[in-house]
Amino acid sequence: MDEYRVIEAKSPIFYSKYERKSELQHQTHYCPGCGHGVVHKLIAEAIADLGMQDRTIFVSPVGCSVFAYYYFDTGNVQAAHGRASAVATAVKRANPESLVISYQGDGDLAAIGTAEIIHAANRGEKITVFFVNNAIYGMTGGQMAPTTLIGQESTTSPWGRRPSNEGYPLHMAELLSTLQAPVYVERVALNDNKNIMKARKAVRKALELQREGAGFTFVELLSPCPTIWKMTPQESRKWIEEKMLAVFPLGVYRDRKLEAVNDGVPQVTVAKVLGLDQPEEEPKVEPAIVAEAHPDLRVNIAGFGGQGVLLLGQILAEMGMRAGREVSWLPSYGPEMRSGSAHCYVCLAKEQVGSPLAEHPDVLIAMNEISLHKFAKQVGAHGAVFYNGSKLPAGLPPHQAMMYCVPASEIADKLGTTKAMNMVMLGALLELTHTLPKESAFAVLKAKVRNANLLEVDCRAIEAGMHCLREQREGLLADTHNSELTHSR
Ligand SMILES: Cc1ncc(C[n+]2csc(CCOP(=O)(O)OP(=O)(O)O)c2C)c(N)n1
Ligand code: SF4
């Protein structure tokens with residue numbers, strides 16, 4: 001009887017050692033008698049038998065099973081509370097060939113994550129959701145869950161759940177099976193060996209269906225929580241049998257024939273949305289202008305919306321890209337359409353960019369005083385700060401970085417449009433860092449700026465920014481622009 005064979009070895013789907021706690025390398029963090037451990041085993045066994053370990057991505061929730069990623073030797077993502085089925089949606093659409101598991105408790109799935117699960121099911125996402133229903137919030141110490149039984153005590157319903165005050169238990173398997181899209185919905189229980197064997201079949205069936213390309217599959221598992229229920233493991237299994245089964249009847253709520261599921265229109269993948277599923281065409285770009293000096297550079301460009309802050313970052317990133325560098329551009333801005341604060345981080349690197357954040361940049365371009373006060377302290381001793389003004393504001397505390405005053409707005413005004421102030425700053429940056437040649441900036445601008453007059457002003461602004469910086473560096477404060485410039489440490 002294959003179904004009852006004894007499994008003595010740990011499934012290869014689990015790590016041989018669990019790294020969460022060095023002193024407990026062979027133990028999970030689950031309480032004795034907890035259903036999570038059983039569900040983990042059933043899932044691991046199914047993945048191994050399906051031969052899908054390399055293609056499985058496990059999405060763990062917030063709840064007692066938050067640490068599932070310490071146990072499953074598969075791809076792992078840990079989602080914010082309630083968001084596992086939304087995260088699983090993204091993971092599956094980005095990797096359609098993978099086997100994606102959303103593992104969720106009743107607080108996670110049926111309370112904070114109600115919207116996510118209903119819409120994932122309604123869209124027929126090709127994921128498998130394992131819903132561990134123990135009728136309580138385990139991790140946080142026993143608050144009432146949507147699945148808490150009538151009369152069941154919890155820390156937030158110490159009088160026992162009353163329909164008049166807390167409503168009725170939510171039946172997720174029944175609820176989801178009212179939707180059209182789900183392919184397979186079953187409720188099973190972990191109260192005795194016979195039911196655990198049925199649970200084993202259900203877990204396997206859901207994963208097999210996903211492997212075959214079916215749509216949304218959902219298995220609800222009634223699961224013991226001896227600790228919060230204040231029962232022994234044996235008592236809690238009995239409690240499932242005597243109390244939970246009456247409220248949550250077991251059975252198959254949806255089992256659609258596979259042929260009926262496919263409408264012939266494939267689900268849109270992330271690759272398709274981004275156009276990455278097309279055969280790559282040779283990019284039509286001008287020949288790369290490669291800078292001689294290639295130090296890594298992290299820049300924070302900050303100011304108000306409308307000052308060309310984000311555009312300057314994009315141009316810099318594009319220049320880097322054309323020069324064969326790894327680049328990132330990370331914008332951040334307030335909700336206002338204009339004049340809200342805006343800044344962006346740009347990284348140019350020889351190796352892949354690990355993080356697009358540049359919280360300690362090499363260069364800060366501060367287009368206004370607020371940004372100078374806010375970000376200058378983040379630039380280290382070897383870095384530089386460009387401030388859009390002819391002198392540093394009073395009261396600015398001393399900083400380690402070299403401070404340059406580049407009156408970019410004023411210079412751009414004189415060239416014909418304040419809009420070109422970001423290009424003045426770009427010129428200053430190129431002059432100081434020698435990271436990329438100015439011709440590279442001209443080439444990018446030529447591709448971006450349609451208006452010939454504006455293009456010309458932008459190019460002149462770059463030259464002007466370079467000139468301004470050069471003069472400062474050489475200590476030549478001859479012309480009117482630069483007469484008040486300060487250059488201090
Ligand atoms: C946004 C947010 N709200 C609340 C919490 C607190 N919290 C952590 S786990 C949890 C409920 C867990 O219960 P359940 O999903 O039933 O899982 P179990 O622990 O029983 O396995 C809550 C409310 C949180 N971590 N994040
Ligand atoms: S509190 Fe309950 S759900 Fe959490 S690990 Fe312990 S028995 Fe399991």
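Tyr333 touches Leu310, Ser341 and Ala342, leaving aside residues up to four places away in sequence. This residue sits in strand 9, which covers residues 326-333. Tyr333 has a relative accessible area of 57%, so it counts as exposed, the cut-off being over 50%. In sequence, Tyr333 and Ala302 are 31 residues apart; their C-alpha atoms are 9.7 Å apart in space. The structure described here is a predicted model.

**The chain as a whole**

The chain has 489 residues, and 49% of them count as buried. Its secondary structure comes to 17 helices and 14 strands. About 23,600 Å² of the chain is exposed, with carbon and sulfur atoms supplying 54% of that area. Among contacts with a separation of 6 or more, 65% join residues 24 or more positions apart.

**Around ligand 2**

Ten names make up this list: Tyr30, Cys31, Cys34, His36, Cys64, Asn134, Cys225, Pro226, Thr227 and Ile228 surround ligand 2. By class, the shell holds seven nonpolar and three polar residues, and no charged ones. Helix 8, residues 226-229, gives the largest share of the shell, three residues.

Asn134 belongs to this shell. Its place is the loop between strand 4 and helix 5, the latter being residues 163-166. Is Asn134 buried or exposed? Asn134 counts as buried because its relative accessibility is 8%, and the cut-off is under 20%. Beyond residues up to four places away in sequence, Asn134 touches Asp106, Ser223, Cys225, Trp229 and Met244. Cys225 is also one of the residues around ligand 2.

**Two helices**

Helix 9 and helix 12 can be set side by side.

| Helix | Residues | Length | Span, first to last C-alpha | Expected span |
|---|---|---|---|---|
| Helix 9 | 233-247 | 15 residues | 20 Å | 21 Å |
| Helix 12 | 309-322 | 14 residues | 20 Å | 20 Å |

Helix 9 bends by about 35 degrees at Ile240. Ile240 is also one of the buried residues of helix 9, along with Ser236, Trp239 and Met244. An α-helix has 3.6 residues a turn, so residues three or four places apart point the same way. The cover over the buried residues of helix 9 includes strand 4 (128-133), strand 5 (184-189), strand 6 (217-222) and helix 8. Met244 links back to the ligand shell, as it touches Asn134.

Helix 12 has these buried residues: Val309, Leu312, Gly313, Ile315, Leu316, Ala317, Met319, Gly320 and Arg322. They pack against four strands and two helices: strand 8 (297-304), strand 9, strand 10 (341-349), strand 11 (363-366), helix 15 (421-433) and helix 16 (438-448). Strand 9 is the strand that holds Tyr333. After helix 12 comes Gly324, whose phi is positive, near 80 degrees.

**Met466**

Met466 lies in helix 17, residues 452-474. Its relative accessibility is 11%, under the 20% cut-off, so Met466 counts as buried. What does Met466 touch, not counting residues up to four places away in sequence? The contacts of Met466 are Gly427, Ala428, Glu431 and Lys438. Leu426 is 40 residues from Met466 along the chain, yet 8.2 Å separates their C-alpha atoms.

Key: Residues are numbered from 1 along each chain as its sequence is written. Chains are lettered from A and ligands numbered from 1 in the order in which they are written. This is a predicted model: local features need pLDDT of at least 70, side-chain atom pairs count only at pLDDT 80 or more; totals for chains, interfaces and linings use all residues. Side-chain values use heavy atoms; hydrogens and water are left out. A residue is near a molecule or strand if one of its heavy atoms lies within 4 Å of it. Ala, Val, Leu, Ile, Met, Phe, Trp, Tyr, Cys and Pro count as nonpolar, Asp, Glu, Lys and Arg as charged, and the others, Gly among them, as polar. Buried means under 20% relative accessible area, exposed over 50%, partly exposed in between (1.4 Å probe, protein chains only). Contact means heavy atoms within 4.5 Å. Accessible areas come from the Shrake-Rupley method with a 1.4 Å probe; for residues, only the protein chains shown count as cover. The expected span of a helix is 1.5 Å times one less than its number of residues. The bend at a residue is the angle between axes fitted to the seven residues ending there and the seven starting there.
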